[in-house]
Amino acid sequence: MSIKNCKESQVNIIVIGCGEAFDSIMGNSAYLLRQPYQKSVLFDCGYQIPERLWRYDRDKDIGAVFFSHLHADHFFGIIPLIARYWEDGRTDPLFLYGPNGFKNKIIELANLGYPGLLEKIDFELIFKDYLDGNALRYENIIIKTAITKHSIINHAIRIDFMDKEKSIAISGDGRHTDQSKKLICKVNLLLQEAYTIEDEMHTHSSVKEIMEINRELSLDKIGLAHISRKIDASQVKKLIDERTFLLEPNMTIPV
Ligand SMILES: [Zn+2]
């Protein structure tokens with residue numbers, strides 16, 4: 001199976017899931033970048049994600065997967081994705097980008113789940129570490145990262161397009177740091193985790209923190225994700241401004 005370039009006529013982000021770790025309705029937070037004549041790029045791949053990709057044939061043109069961090073709701077789905085690519089006869093390489101040393105974790109996970117899988121697949125897995133936030137290029141996008149405050153190392157990710165004046169950022173998990181705020185500055189679209197309403201956790205962002213950051217950085221659009229399943233959406237809607245909205249699974253956001 002050779003991976004086709006996307007047929008979409010414009011640049012879109014498709015929300016595959018936008019919930020916290022254990023939310024059955026919203027699903028794990030993960031986003032698909034689709035652009036005309038380019039391979040699609042997946043950002044995060046938790047355990048609920050492969051099924052959500054397969055159901056709508058959204059796995060077919062993925063050329064690269066970027067991981068914000070290595071919690072199960074952000075990367076445990078990569079092994080079933082690889083296994084089904086093998087069954088479907090994929091031959092094109094799959095680029096994987098993640099925190100330093102993530103290759104060993106993926107190999108460990110594959111060996112636990114499907115021993116021998118990585119030896120028999122007919123396509124190459126190309127691993128690239130984020131290193132120190134140096135810019136990385138994949139096709140027509142430039143990726144930069146910055147660390148947030150989470151219980152393990154998490155990278156907020158910024159995507160700049162080489163052929164258009166647009167940019168997106170994806171927070172992954174965690175509270176913002178000076179570096180991550182600098183990273184997301186002036187992006188057109190921020191996909192942001194906000195686990196709680198108030199600032200009550202050191203390792204997760206909140207709706208309140210994001211509204212403050214929005215006043216400081218004046219971002220164009222912020223889609224909130226990863227909100228605790230115990231919080232009612234109506235509570236959040238009362239607190240957000242006109243540039244902020246709640247993400248929903250299967251939402252298509254033009255960039
Ligand atoms: Zn996490």
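Which residue in strand 11 is the bridge partner of I170? It is L191, and the pair belongs to the three bridges that join strand 10 (residues 167-170) to strand 11 (residues 189-193), two strands that run parallel. Strands pair here if DSSP finds at least two bridges between them. Helices (H or I, at least four residues) and strands (E, at least two) are DSSP runs, numbered from the N terminus.

A word on the model itself comes next. This is a predicted model, in which local features need pLDDT of at least 70 and side-chain atom pairs count only at pLDDT 80 or more, while totals for chains, interfaces and linings use all residues. Residues are numbered from 1 along each chain as its sequence is written.

Taken as a whole, the protein has eight helices and 14 strands. Its C-alpha trace spans about 50 × 40 × 35 Å along the principal axes. A compact globule of 255 residues would have a radius of gyration near 18 Å, and the 17 Å of this protein agrees with that. (The radius is taken over C-alpha atoms, and the globule rule is 2.2 Å times the number of residues to the power 0.38.) Of the 255 residues, 43% count as buried. Buried means that 20 or more other C-beta atoms lie within 10 Å of a residue's own; exposed means 12 or fewer, and partly exposed is in between, with C-beta atoms placed from the backbone.

Back to the sheet. Strands 10 and 11 sit in an open sheet of seven strands, with the order 7-8-9-10-11-12-13 and mixed pairing. Strand 7 (136-138) and strand 13 (244-246) stand at the edges with a single partner strand each, so one side of each has no neighbour in the sheet. From one strand to the next, the twist averages 25 degrees. Helix 7 (residues 207-217) lies across strand 11, strand 12 (222-225) and strand 13, and runs at about 165 degrees to strand 12. Such angles run from 0 to 180 degrees between N-to-C directions, with axes fitted as lines to C-alpha atoms, for helices over the stretch in contact. Contact means that the C-beta atoms of two residues, placed from the backbone, lie within 7 Å.

Now for strand 3 (residues 40-43). In a regular strand the side chains alternate between the two faces of the sheet. In strand 3 both faces are covered, with S40 and L42 buried on one side and V41 and F43 buried on the other. Three bridges join strand 3 to strand 2 (residues 30-34), and these two run antiparallel; L33 stands opposite V41. The loop between strands 2 and 3 holds Y37, which has a positive phi of about 60 degrees although it is not a glycine. Y37 is exposed, with 10 other C-beta atoms within 10 Å. D44, in the loop between strand 3 and helix 1, also isn't a glycine and has a positive phi, near 75 degrees, but D44 is buried, with 27 other C-beta atoms within 10 Å.

Helix 3 (residues 78-87) rounds things off. Its residues I78, I79, I82 and Y85 are buried. They cover an arc of only 125 degrees around the axis, so they lie on the same side of helix 3; the arc is that of the directions from the helix axis to the C-beta atoms. The buried residues of helix 3 pack against strand 4 (62-66), helix 2 (72-75), helix 4 (102-113) and helix 5 (117-120).
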